[in-house]
Each structure stands twice: as structure tokens, then as C-alpha cells.
Amino acid sequence: MAKEKKGVRLEHISKIYQDPKTKKDFYAVRDTTLDIAPGTFVTLLGPSGCGKTTTLRMIAGFESPDEGEIYLGGEPINALTPNKRDTAMVFQSYALLPHYNVFDNVAYGLKIRKLPKEEIRRRVMEILELVELSGMESRMTNQLSGGQQQRVALARALVLEPGVLLFDEPLSNLDAKLRVTMRTEIRKIQQKVGITAIYVTHDQSEAMSISDQIIIMSKGRVEQIGTPREIYYHPNSRFVADFIGEANFLDAKVNAVREDQAEITVSGCAITVNNYANRKPGDQASLVIRPEAVRLSEEGLIDCEIILSTFMGSYQFYQARVGDAVVQITDYNPINRRIYEAGEKTKLAFDPNGVYIL
């Protein structure tokens with residue numbers, strides 16, 4: 001659908017606001033450099049106030065960077081107004097025109113561009129078929145479900161054939177089950193069209209399920225960029241490890257480092273791990289263990305005491321005390337496994353590839 005796949009490049013972008021209470025300036029986005037490849041689906045992810053929406057709005061042209069330059073397909077766009085940029089945005093509120101039917105909502109941008117009626121009709125009908133709304137073009141928007149309204153908003157952006165499609169938390173107004181369905185549909189449509197997409201969300205599972213790359217932000221800065229798998233299995237900081245999924249942290253000391261392994265001491269026990277981040281012998285560190293990567297076993301390595309055992313259907317959920325720390329354990333498909341009860345003592349076992357140290 002897009003005439004050209006365009007990438008987006010941000011070079012040392014900063015945005016400064018003034019705190020209304022203290023009257024002091026603060027960085028909403030600080031010295032951010034990003035290179036988003038053409039045709040990829042990239043998600044800006046982080047907690048509220050991390051700068052992700054401000055970054056998106058600067059790309060769209062609704063905010064102007066105070067420092068740095070933004071490029072779209074190699075062209076600097078800081079001086080361009082939103083309507084002059086080769087972008088289109090799907091908003092959180094959908095921003096549909098209530099007195100227009102579906103056809104006229106989708107056609108609105110094309111009519112402003114004064115395209116011929118025949119071309120407008122052809123493009124609108126093609127897009128409605130793409131988003132599975134064929135036959136609904138005469139309906140008013142208040143006759144549509146939330147998911148259908150979201151499809152209309154998506155169609156209205158796509159029909160303009162932008163180089164880059166921007167999403168500002170477009171699913172936050174939908175119920176949980178519909179969010180899962182719609183995020184899958186958005187991903188399918190993006191892949192079919194081949195357009196570059198930049199998506200803002202604070203929902204980790206949403207970002208993991210649809211993204212080619214995830215950009216983790218915190219306090220106006222980029223913490224890490226990588227594929228969902230890289231971010232999950234190889235976080236570069238405690239913040240990233242704790243923000244993406246669930247993580248357990250145990251105090252550790254590095255004893256020795258070889259080519260691709262590190263020997264560490266955890267809770268008085270010496271173990272070997274395969275993933276470590278620039279640590280040297282003698283360093284204090286944290287052993288990071290995902291709840292699904294650890295299991296309870298008499299043949300395990302680290303002593304523990306069960307303090308909670310709960311059956312959750314597809315998995316048995318445990319909390320186990322290791323020294324002063326509490327470790328969460330997710331034991332999937334427990335039907336053929338021994339179930340440990342609160343008060344029992346056992347050991348933790350894990351695959352060296354499933355843990356890492358920070």
C-alpha cells in the first residue's frame with residue numbers, strides 16, 4: 001500500500017518542558033538517537049512519563065524537538081508541519097468524525113487532498129476490504145463496536161498511503177480479550193502492507209507479540225533496543241529485566257570468568273552460568289532468574305523453603321525463600337510432577353542458559 005518504505009532516524013533528540021509547580025525545566029526526552037529500518041514494526045515501550053509518547057509526537061510533528069534532528073527517508077523534517085510529513089497516526093481515542101459514516105471517515109483525508117471521486121472510492125473500498133469492514137461503509141460510527149471503530153481509524157490512516165504509520169496506544173480503550181485480537185490484526189495488516197510502523201504502548205505483552213524491535217525507555221532515555229527475544233533473555237540492566245516479564249534477583253559474587261561462562265556464588269552455593277555482562281572476578285552481581293526457568297528438585301543446587309504453593313490450572317505457582325530473598329516459580333503442566341506444599345524444604349534447579357547475571 002505504501003508508495004515507498006521509509007525509515008526514521010532520530011539524531012540526539014531532546015525535548016524540554018517546564019514543571020508547572022516548580023517552574024524548573026526538565027527533559028521529557030534526553031539525547032535520544034534511533035535508527036528505525038524501513039518496513040519494520042518498532043514499539044516504544046516504557047512506564048508512564050518515560051518519554052515514549054513525546055518521541056512519537058515529535059516524529060508526527062505535533063511537538064518540536066528542542067535539540068537534534070529527525071529524518072524521514074533521509075529527509076530532515078523538523079521544519080515540516082504534520083500535514084507535510086509522510087506520516088499518518090492512529091490515535092488512542094480513534095478521533096472519528098461522529099456525523100460521518102464509515103466511508104466518509106476513511107475518505108476524509110483524500111477529499112482534503114482533492115483527489116478525483118473515482119480514485120477516492122477505489123482506495124477507500126480497497127482499504128475497507130483490507131481491514132475486513134467491507135459492506136459497512138454506510139454505517140455510522142456509533143453503530144460500530146470498539147474493535148470496528150479501531151479498524152476504521154486504522155483504515156483512515158492507511159488510505160493516505162503514508163511512508164510511516166504511527167500508533168499512540170491505539171488499543172487502550174478496548175477490553176482485554178479484544179486487545180489481543182486487534183493487536184494480532186494490526187500486525188497482520190502491517191506485514192501485508194509492508195509499511196514502517198512505530199507503536200507506543202506501556203503493555204509489555206502487546207509489545208512482545210507484535211514487534212520486530214522494542215525500544216525500552218525510562219526517564220527520557222533509551223535503556224535498550226533489541227528484538228523481543230533479545231530484550232527478554234539478555235536485558236542489559238535491572239530495570240529492563242524487571243520491566244519485561246517477571247524476574248527474580250538473587251545477590252551473587254563472581255568467582256571466575258572463562259570464555260563464555262562465569263562461576264558465581266549464590267546463597268553459599270557455587271554455580272556456573274552461561275550469560276553474564278562484563279563482569280570480573282570479585283564483582284558483586286545479581287543472578288536474574290525468570291519464574292519459568294527455575295524448577296524445584298531434590299537434585300537442585302540452591303537450598304530453599306516453600307512459602308506458597310498455588311494451583312493455577314496450566315501451572316503451579318510457588319514462592320520459595322532463598323536466604324533473605326523470595327523467588328517466584330512458575331511450573332507449567334504440573335499434572336505429572338510432584339507438588340510441593342508450603343513449609344517443605346527442597347532445592348532450586350535451572351538450566352545455565354536460562355539465567356544470567358547483571
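Student: What makes the sheet with the order β6-β7-β8-β3-β9-β10 an open one?

Tutor: In this predicted model, the sheet has 6 strands with mixed pairing, and its edge strands are β6 (87–90) and β10 (221–226), each of which pairs on one side only. From one strand to the next, the twist averages 20°.

Student: How do you know that β7 and β8 are paired, and in which sense?

Tutor: Two strands count as paired if DSSP finds at least two bridges between them. Strand β7 (residues 164–168) and strand β8 (residues 196–201) are joined over 5 bridges in the parallel sense, so the criterion of at least two bridges is met. Within this pair, F167 stands opposite Y199 in β8.

Student: Which helix lies across β3, β7 and β8?

Tutor: Helix α5 lies across these three strands, β3 being residues 41–45, and runs at about 140° to β3.

Student: Why are α4 and α5 called roughly parallel?

Tutor: Their axes cross at roughly 20° and come within 11 Å. Angles under 35 degrees count as roughly parallel, and α4 and α5 are therefore roughly parallel to each other. The crossing of α4 and α5 is right-handed.

Student: Which residues make the contact between α4 and α5?

Tutor: From α4 the contact takes G146, G147, Q150, R151, L154 and L158, and from α5 it takes L178, M182, E185, I186 and I189. Sorted by class, the contact has 6 nonpolar, 3 polar and 2 charged residues.

Student: How do you know that α2 is roughly parallel to α4?

Tutor: Helix α2 (residues 102–112) packs against helix α4 (residues 146–158) at an angle of about 30°, with the axes 7 Å apart. Because angles under 35 degrees count as roughly parallel, that angle makes α2 roughly parallel to α4. The crossing in which α2 passes α4 is right-handed, and the contact is made by V102, N105 and V106 of α2 together with V152, A155 and R156 of α4. By class, that contact has 4 nonpolar, 1 polar and 1 charged residues.

Student: What makes helix α1 mostly covered?

Tutor: A residue counts as buried when its relative accessible area is under 20%, and in helix α1 (residues 52–60) 7 of the 9 residues are buried. The buried residues of α1 are K52, T54, T55, L56, M58, I59 and A60. After α1 comes G61, whose phi is positive, near 100°.

Student: What share of the protein counts as buried?

Tutor: Of its 358 residues, 48% count as buried.

Student: How do you know that β4 pairs with β1 and with β5, and in what sense?

Tutor: The requirement is again at least two bridges between the strands. Strand β1 (residues 8–18) and strand β4 (residues 67–72) run antiparallel and are joined by 5 bridges, while β4 and strand β5 (residues 75–76) pair in the antiparallel sense over 2 bridges. Both pairs therefore satisfy the requirement of at least two bridges. In the pair with β1, Y71 of β4 is the bridge partner of R9, and in the pair with β5, the bridge partner of L72 is E75.

Student: What lies between the strands in the hairpin of β4 and β5?

Tutor: There are 2 residues between the strands of that hairpin, in which G73 takes a positive phi near 60°.

Conventions
Residues numbered from 1 in each chain as written. Predicted model: local features only at pLDDT ≥ 70, side-chain atom pairs only at ≥ 80, totals over all residues. Heavy atoms only, no water. Axes fitted to C-alpha atoms, helices over the stretch in contact; angles between N-to-C directions. Helix = DSSP H or I, 4+ residues; strand = E, 2+ residues; numbered from the N terminus. Parallel < 35°, antiparallel > 145°, perpendicular 65-115°, else oblique. Left-handed = near helix turned anticlockwise from the far one by under 90°. Contact = heavy atoms within 4.5 Å. Nonpolar A, V, L, I, M, F, W, Y, C, P; charged D, E, K, R; others polar. Buried < 20%, exposed > 50% of the residue type's maximum accessible area, 1.4 Å probe, protein only.
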